[in-house]
Amino acid sequence: MLIGEYYHNIDVKGRVIIPAKFRENLGDSFVASKDSDNCINIYSKTEWEAFSAELSSKRGAIAKALKRKIFSEAAECELDVQGRALLPATLREHAELKKEVVIIGVNTHVEIWDKDKWAEFANDEKFNSEELAKMMEELGM
C-alpha cells in the first residue's frame, strides 16, 4: 500500500528522490505517465501491467485513442543508487513541476505534484471534513 505525503526538490537534471517507503513497493524501475489532474502518476511494473492488460482488452475507437495517448506519453524510469529517478521533460512540463514537489501515495500508485498545485488541491474547500464525510457516505462507506 502506498500512502503518505513527502516533500522533495527536483534537481537541475530533472531528477527527484523517490521516498524510501515508496521505493519498497515500486521497485528499481517503474512507469511514469500523465494524469488528467496535471500531476505525474507512478506505477510499479505490476500495477502498470494490470492497467495495460485491462486497457488493451478494450476495443473500439475510444479505446484505440486512449491507448495511443496513454502509452505514447508514458515512460519507464529507473532509480539510481541514490534513489533518484529522472522524470522525462514532457512529463515535468505536463505537471508544471518547478523545483519543489510533493510526492503522495494513492494506495496503488504514487503521484508527483508541483508543491503549489498540491497545496491548492489539498486546501480546496470541497475537501473539508464535512464534505469528505458526505463523499464517503455517497460511496456507501
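Start by selecting G83, which sits in the loop between β5 and β6 (84-86). Keep in mind as you go that this is a predicted model.

**Stop 1: G83**

Is G83 buried or exposed? With a relative accessible area of 5%, G83 is buried, because the cut-off for that label is under 20%. Now show what surrounds G83: leaving out residues up to four places away in sequence, G83 touches V16, I17, I18 and R23. Draw a distance between the C-alpha atoms of G83 and V16 and you should get 8.3 Å, although the two positions lie 67 residues apart along the chain count.

**Stop 2: the largest nonpolar core**

From G83's contact I18, you can step straight into the largest nonpolar core, which has 22 residues. Which of these residues touch the most other members? Select I18, I40 and I112 to see them. Next, colour the elements that each supply at least two residues of this core: α1 (20-26), β3 (29-34), β4 (40-44), β5 (75-78), β7 (100-105) and β8 (110-114). A bit of background for this view: in soluble globular proteins, nonpolar side chains tend to be buried together.

Zoom in on I40. Not counting residues up to four places away in sequence, I40 touches A32, S33, L87, L91, R92, A95, L97, V110, E111 and I112. Then clear the selection and pick C39, V102, I104 and W113, which are among the five residues of a second, separate core.

**Stop 3: two helices side by side**

Select helix α2 (residues 45-56) and helix α3 (residues 61-73) together. Their axes come within 10 Å and cross at roughly 155°. That angle makes α2 roughly antiparallel to α3, since the label applies over 145 degrees. The crossing of α2 and α3 is left-handed.

Which residues meet here? Turn on side chains for W48, F51, S52, L55 and S56 in α2, and for L66, K67, I70 and F71 in α3; these are the residues that meet.

Stay on α3 and select E73, which lies in that helix. The side chains of E73 and K69 are joined by a polar contact of 2.6 Å. Setting aside neighbours within four places in sequence, E73 is in contact with A32, K34 and L91. Two of those names, A32 and L91, you have already met around I40.

**Stop 4: D114 and E96**

Jump to D114, in strand β8. Its relative accessibility is 2%, so D114 counts as buried. Look at the D114 side chain: one of its polar atoms lies 3.1 Å from the backbone nitrogen of D116. Beyond its neighbours within four places in sequence, D114 is in contact with A95, E96, L97, K98 and E100.

Pick E96 from that list. E96 is found in the loop between α4 (89-94) and β7. The C-alpha atoms of E96 and D114 are separated by 6.5 Å, with the two residues 18 apart along the chain. Apart from neighbours within four places in sequence, E96 is in contact with N38, D114 and K117. At 39% relative accessibility, E96 counts as partly exposed.

Check the backbone of E96 too: its phi is positive, about 55°, although E96 is not a glycine. For context, most residues other than glycine have a negative phi.

**Stop 5: N107**

Where else can you look at a positive phi in a residue that is not a glycine? Select N107, where phi is about 70°. N107 is found in the loop between β7 and β8. Its relative accessible area is 45%, so N107 is partly exposed.

**Last stop: V12**

Finish at V12, in the loop between β1 (5-9) and β2 (15-17). Is V12 buried or exposed? V12 counts as exposed, because its relative accessibility is 89%. To end the tour, draw a line from V12 to M135: the two are 123 residues apart in sequence and 40 Å apart in space, C-alpha to C-alpha.

Methods
Residues numbered from 1 in each chain as written. Predicted model: local features only at pLDDT ≥ 70, side-chain atom pairs only at ≥ 80, totals over all residues. Heavy atoms only, no water. Core = buried A, V, L, I, M, F, W, Y, C linked by side-chain atoms within 4.5 Å. Buried < 20%, exposed > 50% of the residue type's maximum accessible area, 1.4 Å probe, protein only. Helix = DSSP H or I, 4+ residues; strand = E, 2+ residues; numbered from the N terminus. Contact = heavy atoms within 4.5 Å. Polar contact = N/O pair within 3.5 Å; in protein donor to acceptor, adjacent residues only side chain to side chain. Axes fitted to C-alpha atoms, helices over the stretch in contact; angles between N-to-C directions. Parallel < 35°, antiparallel > 145°, perpendicular 65-115°, else oblique. Left-handed = near helix turned anticlockwise from the far one by under 90°.
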